[in-house]
Amino acid sequence: MLEVKNLQVAYGRVRAVKGISFTVEQGQVVTLVGTNGAGKTTTLKTISGLLRPEAGEIWFEGKRIDSTPAHEVVTRGLAHSPEGRRIFPRLTVEDNLRLGAFARKDKAGVAKDLQRVFNLFEILQARRDQPAGTFSGGEQQMLAIGRAMMSRPKLLMLDEPSMGLSPLMMQRIMSTITELKSEGVTILLVEQNAQAALSLADYGYVLEVGKIVLQDSGKNLLVDEAVRKAYLGED
Amino acid sequence: MEFLQQLVNGLSLGALYALIAVGYTVVYGIVQLINFAHGEIFMIGGFGALAVWLLVPGESLSIWMLPIMLIGGMLAAVGVALLTERVAYRPLRNAPRLAPLITAIGVSIFLQEFVRLFFGRIPGFPDSKRAIPFPQIEYVTGEAFNIGGVTIQRAALFTLVALAICAGFLYVFVNKTRLGRAMQATSQDPDTARLMGINVDKIIMVAFALGAALAAVAGLAHGLRYTNIDFKMGFLAGLKAFTAAVLGGIGNINGAVVGGLVLGVVESMATFIPGQFGGSAWKDVWAFVLLILVLVFRPQGLLGARVVDRA
Ligand SMILES: Nc1ncnc2c1ncn2[C@@H]1O[C@H](COP(=O)(O)OP(=O)(O)OP(=O)(O)O)[C@@H](O)[C@H]1O
Ligand SMILES: [Mg+2]
């Protein structure tokens, strides 16, 4: 479904992603894990068109998208919930969600998906008319995921959905991702929290300073000696 | 009574500032650019209205000319605004802030000189190097109204009504339409707006066009009110309107309207200041004193700046 080939991305002279390749198949949850500055966010931003690669190719459903403008990438069925949530603080919850469906023309479908998001996160329905900026971090994360769902994506990219959340809230978000997975949503999940991400991913890639150093099924990476040492805080 | 009279004068003057100030504020709210050429867009709105009037044979002063002139002014102002955005500002979108600012000053001078040198060259058009009489359309000019001892010029009333209609339209557009919400989203977080499928280039064009359309209304109102227009009229009006936008909180549309009205009223009230520093000669001084006071004590403006804030 998504195929990234030898992707290289730089900020000015600093190369942040140094030739990585990976694939996401339909129905899978794939995770990119790695420490701070590994290039995870850069990779997602390049896939969604916010950044342009120096070299390499990005293919989505058989079409090359690495020079497609960001606002068109989403219409192809690729939604990106950005790092740090980035909800629109002075717009209401409902307006935020409706903006997620900005590119869609099917009103009835949008209404149905809005209800679906409200069913998934009841707090959003209860506070639909409030400015999103008044929400707690966890609530904002739910809104960010819900907003990304509103485009009815074929592939959902989530950048560190657990960032800055309490353990309880983190569990809630992770169980939501599991729920989405069981509904058949394809997900590319970026996480620093390798334990949580690998436990629910079908396949995982370990990124280190712009390169993929390890790749395997989530299950295998979770028990991998090197991964346990470097990312799961064991020695 | 004198106080009421000055209040009315101030509000109608302020309405003119407000119509122009909206253009500074919407563009700033989206691209953080102070478009110093916006005063010239106002001037071009006035010249566009005049040009259409000159092109329609018969030199009619009938009220039916008013909508035609308005459309002419808007087409000219919006066209020029979109052109400057495309050729002067867009290429500098990712340049350091100073570059587009200096470009805007260049565009401002260019537009003034362009109108000065070329408007009068069109066959049948008057010399544009000096002030040109503006057609005094029936009903919206002429004998002033007198309501309980307070006089209000017809053109002044026209300006106030035009502002009310434009403000209402803006409110609905920004808050109730899909495009308006996309504009708010872009102003709050442009990158994330792109992830929603919003074409940010298009939104920027909408912001420029919206500001220009309102400036054209002001250009027409200015011509009716001061009975003539000239190629430099955008300079001081633009500066005042920019002051109004900052006063209200730049980036905040309601603020631009409130800032414009407050500034107009402060200027008229300057006549009440006794002695040497009062009177209309000092009104500009007091207007800018107000700006400095607001910037010192409430730098975010009266209603608060609504610039981009990121989580
Ligand atoms: N806007 C930028 N300008 C310059 N360098 C940048 C920029 N954004 C990121 N970088 C650099 O690119 C590298 C990769 O950053 P990136 O944000 O992709 O990492 P990450 O894996 O998402 O890290 P984190 O887990 O902290 O979010 C880092 O060295 C970072 O300093
Ligand atoms: Mg990151």
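These exercises cover the metal site, the ligand shell and the salt bridges of a predicted model.

**Exercise 1. Which residues coordinate the magnesium ion (ligand 2), and which parts of chain A do they tie together?**

Step 1. Find the donors. A:Thr41 coordinates through OG1 and A:Glu83 through OE, at 1.8 to 2.2 Å.

Step 2. Place each residue. A:Thr41 lies in helix α1 (residues 40-47) of chain A. A:Glu83 lies in the loop between β6 (78-81) and α3 (93-100) of chain A. The pair therefore ties together parts that are 42 residues apart in sequence.

Step 3. Check accessibility. Buried means under 20% relative accessible area. A:Thr41 has 17%, so A:Thr41 is buried. A:Glu83 has 30% and is partly exposed.

**Exercise 2. What makes up the shell around ligand 1?**

Step 1. Start with the residues that come nearest. Of the 13 residues around ligand 1, these are A:Asn36, A:Lys40, A:Thr41, A:Thr42 and A:Glu83.

Step 2. Sort the shell by character. Three residues are nonpolar, seven polar and three charged.

Step 3. Ask which element gives the largest share. That is α1(A), with three residues.

Step 4. List polar contacts. A polar backbone atom of A:Gly37 is 2.8 Å from an oxygen atom of ligand 1. The side chain of A:Gln192 places an N or O atom 2.9 Å from an oxygen atom of ligand 1. A polar side-chain atom of A:Tyr11 lies 3.4 Å from a nitrogen atom of ligand 1.

Step 5. Read the cover. On its own, ligand 1 has 630 Å² of accessible area, and the protein covers 61% of that.

**Exercise 3. Which residues does the salt-bridge network with A:Arg64 link, and is A:Asp66 buried or exposed?**

Step 1. Name the members. The network links A:Lys5, A:Glu57, A:Arg64 and A:Asp66.

Step 2. Take one pair. The side chains of A:Arg64 and A:Asp66 meet at 2.9 Å, N to O.

Step 3. Compare the partners. A:Arg64 is partly exposed at 42% relative accessible area, whereas A:Asp66 is buried at 9%.

**Exercise 4. Where in chain B do the partners B:Glu267 and B:Lys240 lie?**

Step 1. Confirm the bridge. The closest N and O atoms of B:Glu267 and B:Lys240 are 2.9 Å apart.

Step 2. Place them. B:Glu267 is in helix α10 (residues 253-269) and B:Lys240 in helix α9 (residues 233-248), 27 residues apart. The pair links distant parts of the chain.

Step 3. Check burial. Both B:Glu267 and B:Lys240 are buried.

Step 4. Set another chain B pair beside them. B:Asp230 and B:Lys232 form a salt bridge at 3.8 Å. B:Asp230 is buried at 17%, and B:Lys232 is partly exposed at 48%.

How values were computed. Residues numbered from 1 in each chain as written. Chains lettered and ligands numbered in written order. Predicted model: local features only at pLDDT ≥ 70, side-chain atom pairs only at ≥ 80, totals over all residues. Heavy atoms only, no water. Donors = N, O, S within 2.8 Å, 3.2 Å for Na, K, Ca; no water. Helix = DSSP H or I, 4+ residues; strand = E, 2+ residues; numbered from the N terminus. Buried < 20%, exposed > 50% of the residue type's maximum accessible area, 1.4 Å probe, protein only. Salt bridge = Lys/Arg side-chain N within 4 Å of Asp/Glu carboxyl O. Near = heavy atom within 4 Å. Polar contact = N/O pair within 3.5 Å; in protein donor to acceptor, adjacent residues only side chain to side chain. Areas by Shrake-Rupley, 256 points an atom, 1.4 Å probe, with all protein chains shown as cover. Nonpolar A, V, L, I, M, F, W, Y, C, P; charged D, E, K, R; others polar.
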